[in-house]
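Biologist: Can you pull up the model we were going to go through? I have a few questions about side chains and packing.

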Amino acid sequence: MTAIQAKRLTIVISIILMLTAVWYFDLTDYLTLEYIKMKQDAFRMLHHEHTYLVVGGFVILYILVTALSIPGAAIMTLAAGGLFGFWTALIAVSFASTIGATLACFVSRYILKDWVQNTFGSKIKKIDDGVKKEGAFYLFTVRLVPIFPFFAINLIMGITSLPLRTFFWVSQLGMLPGTAVFVNAGKQLATINDIADVLQPVHIISFALLGVFPLLAKFLLKFIRKIKESN
């Protein structure tokens, strides 16, 4: 066994062990809105006492959740908005999600290429054709308006010819608007204690954006395409 093969095997075994631990200990139960709402006072106190440690731990956990394609990233984004406030949460989630996605893409390209090809099959050709035709703009499109599941994009992009550095900055840019919408919704969610609170204008507007955002994103993409075609 060569050194490269040994490294690949080590990474694969590490991934399997981490996913097994998540399944065995039911760790995804802690990544639910119910659990976070129940523990939000304790989280706030911990964050107040150890701000940098809590934010740093959150970023590391978010990177792992994203890199391992574990369900719960959306809930963590909402929780960050409620716990850290808008700007801190936006920066933390934006970088953590992009780093985690890039790690998943890297592993797909250099470690799990055969598995990804066998798992996603026909979807790979559609995305690969899109990348060949439009390049980085195609990734920007599927980030802004997620046609495919978030984790699938990370893995399938690893099979394409798109450079990892391009994948990183385009993902950072493309996911930023959606991240901002979710962080803002989480910030409002944290202030809801009863049904009457939901009817507050700021809450209604914030949660309406969650539903309206895909339509706004599609409109923005059409506008950008028209500009590209006219040049």
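Modeller: Here it is, and note that this is a predicted model. One place to begin is a side chain to backbone pair: a polar atom of the T66 side chain lies 2.8 Å from the backbone oxygen of Y62.

Biologist: Where is T66 placed?

Modeller: T66 is in helix α4, which covers residues 51-67.

Biologist: Is T66 buried or exposed?

Modeller: T66 counts as buried, because its relative accessibility is 3%, under the 20% cut-off for that class.

Biologist: Which residues does T66 touch, not counting those up to four places away in sequence?

Modeller: T66 touches S97, G100, A101, A104, F150 and N154.

Biologist: N154 is in α10, I think. How many of the residues of α10 are buried?

Modeller: In α10, residues 150-157, 6 of the 8 residues are buried, so the helix is mostly covered. The buried ones are A152, I153, N154, L155, I156 and M157.

Biologist: What do those buried residues pack against?

Modeller: They pack against α4, α6, α7 (113-120), α8, α9 (136-144) and α11 (164-189).

Biologist: OK, zooming out. How many helices and strands does the protein have?

Modeller: There are 13 helices and 0 strands.

Biologist: And what share of the residues is buried?

Modeller: Of the 231 residues in the protein, 40% are buried. The accessible surface comes to about 13,500 Å², and 70% of that belongs to carbon and sulfur atoms.

Biologist: What about contacts between residues at least 6 apart in sequence: how many of them join residues at least 24 apart?

Modeller: The figure is 76% of those contacts.

Biologist: Changing topic to charges. How many salt bridges does the structure hold?

Modeller: It holds 3. In one of them the side chains of D41 and R44 meet, at 3.6 Å from N to O. Another is formed by D129 and K125, with the closest N and O atoms 2.8 Å apart. K132 and D128 also form one, and there the closest N and O atoms are 3.3 Å apart.

Biologist: Where do D41 and R44 lie?

Modeller: Both lie in helix α3, residues 40-49, and they are 3 residues apart, about one turn of the helix. D41 counts as exposed, at 57% relative accessibility, while R44 counts as partly exposed, at 32%.

Biologist: How many residues apart are D129 and K125?

Modeller: D129 and K125 are 4 residues apart in helix α8, residues 122-134, so about one helical turn separates them. K132 and D128 are also 4 residues apart in α8, again about one helical turn.

Biologist: Why does that spacing matter for which way residues point?

Modeller: An α-helix has 3.6 residues a turn, so residues three or four places apart point the same way.

Biologist: Of K132 and D128, which is buried and which is exposed?

Modeller: K132 is exposed, with a relative accessible area of 61%, and D128 counts as buried at 17%. In the D129 and K125 pair, D129 is partly exposed at 33% and K125 is exposed at 56%.

Biologist: What about R109, which has no salt bridge? What is the nearest side chain of opposite charge, and how far away is it?

Modeller: That is D128, 8.3 Å away from R109, and R109 is buried. R109 is found in helix α6.

Biologist: So what is R109 in contact with, leaving aside neighbours within four places in sequence?

Modeller: R109 is in contact with M157, G158, T160, S161, L162, P163 and L164. M157 is one of the buried residues of α10.

Biologist: Now the surface. Which residues form a nonpolar patch there?

Modeller: I91, F95, I99 and L103 form one, with about 350 Å² of accessible area together. F95 lies in α6, residues 86-110, and is partly exposed, with a relative accessible area of 44%.

Biologist: Last one, P71. Where is it?

Modeller: P71 is in the loop between α4 and α5 (73-84). P71 is exposed, with a relative accessible area of 61%. Its C-alpha atom is separated by 7.9 Å from that of L31, which is 40 residues apart from P71 along the chain.

Definitions and conventions. Residues are numbered from 1 along each chain as its sequence is written. This is a predicted model: local features need pLDDT of at least 70, side-chain atom pairs count only at pLDDT 80 or more; totals for chains, interfaces and linings use all residues. Side-chain values use heavy atoms; hydrogens and water are left out. Patches are made of residues with over 30% relative accessible area and no salt bridge: like charges are joined within 9 Å, nonpolar side chains (Val, Leu, Ile, Met, Phe, Trp, Tyr) within 5 Å. Accessible areas come from the Shrake-Rupley method with a 1.4 Å probe; for residues, only the protein chains shown count as cover. A salt bridge is a side-chain nitrogen of Lys or Arg within 4 Å of a carboxyl oxygen of Asp or Glu. Helices (H or I, at least four residues) and strands (E, at least two) are DSSP runs, numbered from the N terminus. Buried means under 20% relative accessible area, exposed over 50%, partly exposed in between (1.4 Å probe, protein chains only). Lys and Arg count as positive and Asp and Glu as negative; His and the chain ends are not counted. Contact means heavy atoms within 4.5 Å. A polar contact is a pair of N or O atoms within 3.5 Å; within protein, one must be able to donate a hydrogen and the other to accept it, and residues adjacent in sequence count only if both atoms are side-chain atoms.
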